[in-house]
Structures are given as C-alpha cells and as structure tokens.
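I opened my notebook to work through one protein model, starting with how well its residues are covered and ending with how far the prediction can be trusted. I wrote each entry down as I looked it up.

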Amino acid sequence: MEHGYLARESERINRATRKMFAKLIIVFVCALAIIYFLGKDSIDFSDISYGSISFYLVILIGLMLVCAVVKLLATGRVARNGDNLFLPYKETTPEAAGKIIDTEALEGKILVEEYIDKAADPKKGSGEKIVLMPSYLLLCGVKGGPKGTSKVTAIPRQKIYWVCAQVGIKGGPFIVRLLIFTEKKIYSMTGTDIEHVQSIADKLYRYIPNVFSNYDPFTLSYELEKIFAENPEKFLDIYENEKKKIQMGE
C-alpha cells in the first residue's frame with residue numbers, strides 16, 4: 001500500500017535514526033573491546049559481585065541491549081494519521097492537518113523541499129529538512145516525537161513572519177542557521193554550507209515575502225532575534241511597520 005507524505009517522512013527519519021544508533025553501538029562495542037584488552041587481567045566474569053569491574057561491564061552491556069530493543073521497536077513503527085505531527089498552534093487536530101499535508105503533496109503542491117545539509121544527490125539527502133506547502137511549513141528532523149515516532153513540526157503559513165540565513169553563531173564562523181520567525185517563537189535549523197542555506201532562504205522568499213529585504217540580514221538577524229527574545233510584540237510592531245512601507249512603495 002502506498003503511504004502518504006507524512007508516513008514516508010516517518011520511514012525516512014526512522015531509517016536515519018536506526019543508522020545513527022547502529023553506529024553508536026559499533027563505537028560502544030569497540031570501546032568495550034579496548035577496555036577488555038587493556039584490563040583483561042583484572043576482569044573476571046566468573047565473579048560479577050557488586051563493585052567489581054565485571055559487574056559494571058555487565059550493567060553497561062545490559063543497558064545497551066535494552067536501549068537497542070527500545071529503539072528498534074520505536075523506529076519500526078510508521079506514523080499514520082498525523083501521529084508524527086507537532087502543531088505548536090493547536091489550530092486543528094494532527095489527523096486533520098495530516099490529511100491536508102498528504103493531499104497537497106499528492107497534488108504536487110510542494111513549493112520548497114530542501115535538506116539543510118547539502119547532498120551531491122538530492123535523492124540521497126538525509127538529516128533535517130524544511131518543506132513549504134500552501135498550508136504549512138514543515139520542519140522535519142531526526143528527533144524523538146510523540147509515541148516514539150519521528151517528529152515533524154507543522155507551522156501554519158499565516159503564522160510565519162520572516163525567514164533568514166544567519167551566519168556566524170557561537171561555535172565557529174562556518175556555521176549557519178536558518179531562522180524562522182513565527183508568532184510564538186523563533187525556530188532554527190543549523191547547517192554548515194552557508195551558500196546552500198542562503199539559497200533555501202531565497203527559495204522561501206518567493207512565497208514568504210521578505211519585508212526586511214532593504215536591510216543587511218547579517219546584522220539585522222541578530223538585532224531582531226534579541227528584540228524577539230525580550231519582547232515579541234515589539235518585533236511584531238517593527239514587522240508591521242516594514243510591511244506597510246513596502247505596501248506604500250517606500
């Protein structure tokens with residue numbers, strides 16, 4: 001049976017999560033092998049009394065096995081009926097929003113669909129993804145969601161005010177964040193390819209007007225982010241004033 005867009009997104013993120021967890025298990029096994037090799041003379045699995053090295057190793061191995069089983073069960077479930085949706089504005093039910101999103105995708109109404117990390121082959125992209133549809137902006141990431149499924153944040157289009165690529169945050173000059181200013185909060189997605197993230201912002205500007213196009217986004221993004229954090233209403237006043245200027249042709 002063919003799955004809808006959200007179900008396919010759930011499958012994609014579940015696969016990515018399983019791959020990431022498999023890598024962690026490999027690292028864990030390698031670390032255990034090194035510990036055993038270095039301390040094999042001190043490790044005696046015939047004596048797993050409390051406080052011994054073998055006791056703690058058995059506990060670690062047991063915890064890893066439990067985590068592996070839980071993760072496999074959680075990522076083996078495909079989200080249906082909007083189960084993987086997070087609706088910050090609670091404007092409708094996840095099932096109703098899911099039907100809208102799946103219908104728009106089926107009708108070919110996806111306006112923008114980009115991975116934050118650039119891939120040589122877009123079909124093989126992975127990681128966080130941003131999707132713009134007529135009704136919603138979707139933020140898709142490899143994160144734990146409701147009922148153990150992958151999480152997709154769905155923001156109504158009318159709640160989005162400004163989008164920008166902010167370059168040079170803490171952590172290095174080659175980090176770039178895609179900021180989405182909404183009525184309630186600022187959402188962000190972090191990438192490392194500055195030109196790619198800037199191109200995503202440019203694509204979004206075709207459908208979400210950039211009311212701050214006359215300003216330098218590098219400095220403005222920091223200023224508006226600070227203003228929003230201190231007083232969202234002040235940010236909205238600034239936004240509305242800039243919107244009026246554009247409408248009046250100033």
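Before the first lookup I fixed one cut-off: a residue is called buried under 20% relative accessible area, exposed over 50%, and partly exposed in between. I also noted that I am reading a predicted model.

**Entry 1, a residue in the first helix.** I looked up Phe 37, which is found in helix α1, residues 5-39. Is Phe 37 buried or exposed? Its relative accessibility is 57%, and because this is over the cut-off of 50%, Phe 37 counts as exposed. I then found that Phe 37 belongs to a nonpolar patch on the surface together with Ile 34 and Leu 38, and that the accessible area of these three residues together is about 370 Å².

**Entry 2, a residue in a later helix.** I turned to Tyr 222, which lies in helix α5, residues 217-230. Tyr 222 has a relative accessibility of 29%, so it counts as partly exposed. I also checked its distance to Val 167: the two residues are 55 apart along the chain, while their C-alpha atoms are separated by 9.8 Å.

**Entry 3, a covered strand.** Next I went to strand β6, residues 160-167, and asked how many of its residues are buried. I found that 8 of its 8 residues are buried, so that the strand is mostly covered, as the cut-off of under 20% defines it. Strand β6 pairs with strand β7, residues 176-182, in the antiparallel sense, and I noted 7 bridges between them. Within this pair, Val 163 of β6 stands opposite Ile 180 in β7.

**Entry 4, the whole chain.** I stepped back and noted 6 helices and 8 strands, which run from the N terminus in the order α-α-β-α-β-β-β-β-β-β-β-α-α-α. The protein has 250 residues, of which 38% count as buried. Its accessible surface comes to about 14700 Å², and 59% of that belongs to carbon and sulfur atoms. Among contacts between residues at least 6 apart in sequence, I found that 55% join residues at least 24 apart.

**Entry 5, confidence.** I closed with the pLDDT, whose mean over the protein is 81, with 81% of the residues reaching 70 or more. Among the elements, helix α2 (residues 53-75) has the lowest mean, 75, and strand β3 (residues 129-132) has the highest, 94. Over residues 142-149 the pLDDT is below 50, although this stretch has 23 contacts in the model beyond near neighbours in sequence.

Conventions: Residues are numbered from 1 along each chain as its sequence is written. This is a predicted model: local features need pLDDT of at least 70, side-chain atom pairs count only at pLDDT 80 or more; totals for chains, interfaces and linings use all residues. Side-chain values use heavy atoms; hydrogens and water are left out. Buried means under 20% relative accessible area, exposed over 50%, partly exposed in between (1.4 Å probe, protein chains only). Helices (H or I, at least four residues) and strands (E, at least two) are DSSP runs, numbered from the N terminus. Two strands pair if DSSP finds at least two bridges between them. pLDDT is the predictor's confidence in each residue, from 0 to 100. Contact means heavy atoms within 4.5 Å. Patches are made of residues with over 30% relative accessible area and no salt bridge: like charges are joined within 9 Å, nonpolar side chains (Val, Leu, Ile, Met, Phe, Trp, Tyr) within 5 Å. Accessible areas come from the Shrake-Rupley method with a 1.4 Å probe; for residues, only the protein chains shown count as cover. A salt bridge is a side-chain nitrogen of Lys or Arg within 4 Å of a carboxyl oxygen of Asp or Glu.
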